[in-house]
Amino acid sequence: MRDIGKVNHTLEILDRFELQAKKSFGQNFLVDINIIRNIVECAHIQENTCVVEIGPGIGGLTEYIARSAKKVIAYDIDERLKDVLAYSLSEYQNVEVRLQDFLTVDLQALAEELKEYDHFIIISNLPYYITSELLTKIMISSIKMDCFVGMMQKEVALKLTSKEKSPLRLMMDYVGEVKYEFTVTANVFIPKPKVDSAVISVTFKEMNKENLNDFYRFLLVCFKQRRKTIYNNLSLTAQDKDKLKEVLKTCNIDPKLRAEQLSLDQFKELYDLI
Ligand code: SAM
């Protein structure tokens, strides 16, 4: 079917397959072709690109990704969508649907499988109930990616693109360049969610991605109790408190500062020395 994301087409598919959106899977289907186009444009898809989509739903966004990308691998947790997607995306031979929880996907193995492609992008109208988990999985992954484009609750998107520091926000800054792309009103979804959404993008840097997971764990410790000082939080796991004081001194970091008062560079220096 063409333009799955048109209201009447979406309703027709839902009706044909007697499909009710599952709240527990965060299912809100996008029914605005312009927004779909704009999301895909944010990814700047080039030749020989493989796009991994998390949560294709009934395929509205997938269809437009498939028109630009060489290959699309779309992961959805909802097994009811197997027949729906086979029907809605039947004319797109470059789409492969995998019915699997994306949180359980081995990204290293996936990247290995996709090494014939020059570019690797992740696009998602994210299931809201696991937005942070999915973002964290992507940001701490050591695989080489070009960019990530994702839609999430507007409030979360604003927070992640603000100056407010958090372990996830710092990781995003570390591995890429984060951008608030645009706001999406709640009216363009079936069923209509309670809040507005927004699209953000992360353009990844060329960098050595070793130890990202460890660095993220370190940031979690630094932010463990936000009102406590960096010294107190790091003391929770430090074997040698004198060494910790010494390292803070070497990095020129006042032990009485709180994590949110440190810069990304200071976290990196601290992490390298600890
Ligand atoms: N992409 C479609 C669109 O824009 O209309 C649907 C987006 S809907 C907000 C989120 C989709 O993610 C649903 O299809 C849902 O089944 C799927 N999903 C939820 N949890 C998932 C998970 N852990 N792994 C993969 N897909 C998941």
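**Exercise 1. Disulfides**

Task: Determine how many disulfides a search of the whole structure finds, and explain why Cys147 and Cys222 are too far from the closest cysteine sulfur for a bond.

Solution. The model is a predicted one. A search of the whole structure finds zero disulfides. The criterion needed here is a pair of cysteine sulfur atoms within 2.5 Å.

Step 1. For Cys147, the closest cysteine sulfur belongs to Cys42 and lies 8.8 Å away, so the two are too far apart for a bond. Cys147 is buried, at 6% relative accessibility.

Step 2. For Cys222, the closest cysteine sulfur is that of Cys251, at 11 Å, which is again too far for a bond. Cys222 has a relative accessible area of 1% and is therefore buried.

**Exercise 2. Aromatic pairs around Phe215**

Task: State how many aromatic pairs the structure holds, then work out which geometry Phe215 and Phe218 adopt and which geometry Phe215 and Tyr271 adopt.

Solution. The structure holds seven aromatic pairs.

Step 1. One of these is Phe215 with Phe218: the ring centres are 6.3 Å apart and the planes meet at 20°. Planes under 30 degrees apart count as stacked, and the pair of Phe215 and Phe218 is classed accordingly.

Step 2. Place this pair in the chain. Phe215 and Phe218 are both in helix 9, residues 212–222, and three residues, about one turn of the helix, separate them. Both residues are buried; for Phe215 the relative accessible area is 2%.

Step 3. Turn to Phe215 and Tyr271. Their ring centres lie 5.2 Å apart with the planes at 65°, so this pair is edge-to-face. The pair links distant parts of the chain, since Phe215 is in helix 9 and Tyr271 is in helix 12 (residues 264–273), 56 residues apart.

Step 4. Assemble the group: Tyr174, Phe215, Phe218 and Tyr271 make up one aromatic cluster.

**Exercise 3. Charges over rings**

Task: Identify which rings have the charged ends of Lys137 and Lys209 sitting over them.

Solution.

Step 1. The charged end of Lys209 is placed over the ring of Phe204, 4.7 Å from the ring centre.

Step 2. Lys137 has its charged end over the ring of Phe102, with 5.8 Å to the ring centre.

Step 3. Lys137 is also one of the buried residues of helix 6, along with Thr131, Leu134, Leu135, Thr136, Ile138 and Met139. Seven of the nine residues of this helix (residues 131–139) are buried, so helix 6 is largely enclosed by the rest of the structure.

**Exercise 4. Backbone geometry**

Task: Find which residues a cis peptide bond joins, and decide whether Asp3 and Asn252, each with a positive phi, are buried or exposed.

Solution. Most residues other than glycine have a negative phi, and most peptide bonds are trans.

Step 1. The cis peptide bond is between Ile190 and Pro191, with omega at about -10°. Pro191 lies in the loop between strand 8 (189–190) and strand 9 (197–204).

Step 2. Asp3, not a glycine, has a positive phi of about 55°. Asp3 belongs to the segment before helix 1 (7–16) and is buried, at 16% relative accessible area.

Step 3. Asn252, also a residue other than glycine, has a positive phi near 60°. Asn252 sits in the loop between helix 11 (241–250) and helix 12. Its relative accessibility of 69% counts as exposed.

**Exercise 5. The ligand and its surroundings**

Task: Name which residues come nearest the ligand, list polar contacts made by Gly55, Phe102 and Tyr129, and state what share of the ligand's area the protein buries.

Solution.

Step 1. There are 22 residues around the ligand, and Leu30, Gly55, Asp76, Asp101 and Asn125 come nearest.

Step 2. Gly55 places a backbone N or O atom 2.7 Å from a nitrogen atom of the ligand. A polar backbone atom of Phe102 is 2.9 Å from a ligand nitrogen atom. Tyr129 contributes a polar side-chain atom, 2.9 Å from a nitrogen atom of the ligand.

Step 3. The ligand taken alone exposes 600 Å², and the protein buries 99% of that.

**Exercise 6. Sequence and space**

Task: State how many residues separate Asn232 and Pro255 in sequence, and where Asn232 is found.

Solution.

Step 1. Asn232 and Pro255 are 23 residues apart in sequence, and their C-alpha atoms are 8.2 Å apart.

Step 2. Asn232 is part of helix 10 (residues 230–235). With a relative accessible area of 36%, Asn232 is partly exposed.

Notes:
Residues numbered from 1 in each chain as written. Predicted model: local features only at pLDDT ≥ 70, side-chain atom pairs only at ≥ 80, totals over all residues. Heavy atoms only, no water. Phe/Tyr/Trp six-rings, centres within 6.5 Å; stacked < 30°, edge-to-face > 60°. Helix = DSSP H or I, 4+ residues; strand = E, 2+ residues; numbered from the N terminus. Buried < 20%, exposed > 50% of the residue type's maximum accessible area, 1.4 Å probe, protein only. Lys NZ or Arg CZ within 6 Å of the ring centre and 35° of its normal. Near = heavy atom within 4 Å. Polar contact = N/O pair within 3.5 Å; in protein donor to acceptor, adjacent residues only side chain to side chain. Areas by Shrake-Rupley, 256 points an atom, 1.4 Å probe, with all protein chains shown as cover.
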